[in-house]
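Subject: Structure for you to look through

Hello,

I am handing over the structure we talked about, and I would be glad if you could open it and keep it in view while you read the rest of this message.

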Amino acid sequence: MDSFYTRCGDSTFESTPATAGPWGPQTQHAGPPSALLAGEIERLHVSEGRRLGRVAVDILAPIPVAPITVSTSVARPGTRTTLIEAVGTINDTPVVAVRAWVLARVPCDYPATEPSPLPGYDRPEHAHDGGTIAGASLDGYLSATQFRFTAGSSPSSVPPRRGGGPGVLWCSVRNSLRGSGC
């Protein structure tokens, strides 16, 4: 299985063609770098007895398909809650930032319950392919992911599907986030 990134050092990753967005092969879709930065926060700052809480992503500039360097820092220290920031830099330009709360786990003494199905949401096996987006580059991120609609469809899908407008879909990633060294 292909990966979105190959680790080329402690904090540098080579972006693979799978990160390219639907705009063309030179610019990344924001999904892979967002996941990369959140994953580095988790790898470097989430220890036993802690977990990630809210994660927020800011896209600071177009993100080229190029080597990306990730740096993390503690924005707000704390014993029970800590705010961590990760910045992805390409060619000395910050292009994406992720801020995430790292929270202390609390003992869970709540009774286990069975999840109830959400109304109007079918399982992925009952969903239909959303088609392709007219004019989109399909070689990067769009070929590395699968979108299956249970309601509606992509507004510009080819062939056009019934529904349009708001939709409900399942998305799964076919690639791994990181591969082995450069």
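What follows is an account of what was found, going from the whole protein to its core, one of its sheets and a patch on its surface.

Please keep in mind from the start that this is a predicted model. The protein contains two helices and 12 strands, and if you follow the sequence from its beginning, these elements come in the pattern β-β-α-β-β-β-β-β-β-α-β-β-β-β. Of the 182 residues in the protein, 34% are buried, while the accessible surface comes to about 10,800 Å², with 55% of that area belonging to carbon and sulfur atoms. Among contacts with a separation of 6 or more, 62% are between residues that lie 24 or more positions apart.

Turning to the inside, the largest nonpolar core has 24 residues, and the ones that touch the most other members are Leu36, Leu37, Ile68 and Val95. At least two residues of this core come from each of strand 1 (3-7), helix 1 (31-45), strand 4 (68-76), strand 5 (81-90), strand 6 (93-104) and helix 2 (141-144), and strand 6 gives the most, with five residues. Leu37 is a good residue to select in your viewer: once its neighbours within four places in sequence are left aside, Leu37 is in contact with Ile68, Val70, Ala86, Val87, Gly88, Val96, Ala97 and Val98.

Next, you can look for an open sheet of three strands, in the order 7-9-11, where the pairing is antiparallel. Strand 7 (128-129) and strand 11 (168-173) each have a single partner strand and therefore stand at the edges, with one side of each left without a neighbour in the sheet. As background, strands of a sheet pair through backbone hydrogen bonds, and they may do so in a parallel or an antiparallel way. Here, strand 7 is joined by two bridges to strand 9 (residues 145-151), and the two run antiparallel; to find the place, start from Asp129, whose bridge partner in strand 9 is Arg148.

Finally, on the surface, Val55, Val57 and Ile59 make a nonpolar patch of about 230 Å². Val55 belongs to strand 3 (residues 50-59), and is Val55 buried, partly exposed or exposed? Its relative accessibility is 37%, and because this value falls between the cut-offs of 20% and 50%, Val55 counts as partly exposed.

With best wishes

Note on methods
Residues numbered from 1 in each chain as written. Predicted model: local features only at pLDDT ≥ 70, side-chain atom pairs only at ≥ 80, totals over all residues. Heavy atoms only, no water. Pairing = 2+ DSSP bridges. Helix = DSSP H or I, 4+ residues; strand = E, 2+ residues; numbered from the N terminus. Patch = residues over 30% accessible without salt bridge, like charges linked within 9 Å, V, L, I, M, F, W, Y side chains within 5 Å. Areas by Shrake-Rupley, 256 points an atom, 1.4 Å probe, with all protein chains shown as cover. Salt bridge = Lys/Arg side-chain N within 4 Å of Asp/Glu carboxyl O. Buried < 20%, exposed > 50% of the residue type's maximum accessible area, 1.4 Å probe, protein only. Core = buried A, V, L, I, M, F, W, Y, C linked by side-chain atoms within 4.5 Å. Contact = heavy atoms within 4.5 Å.
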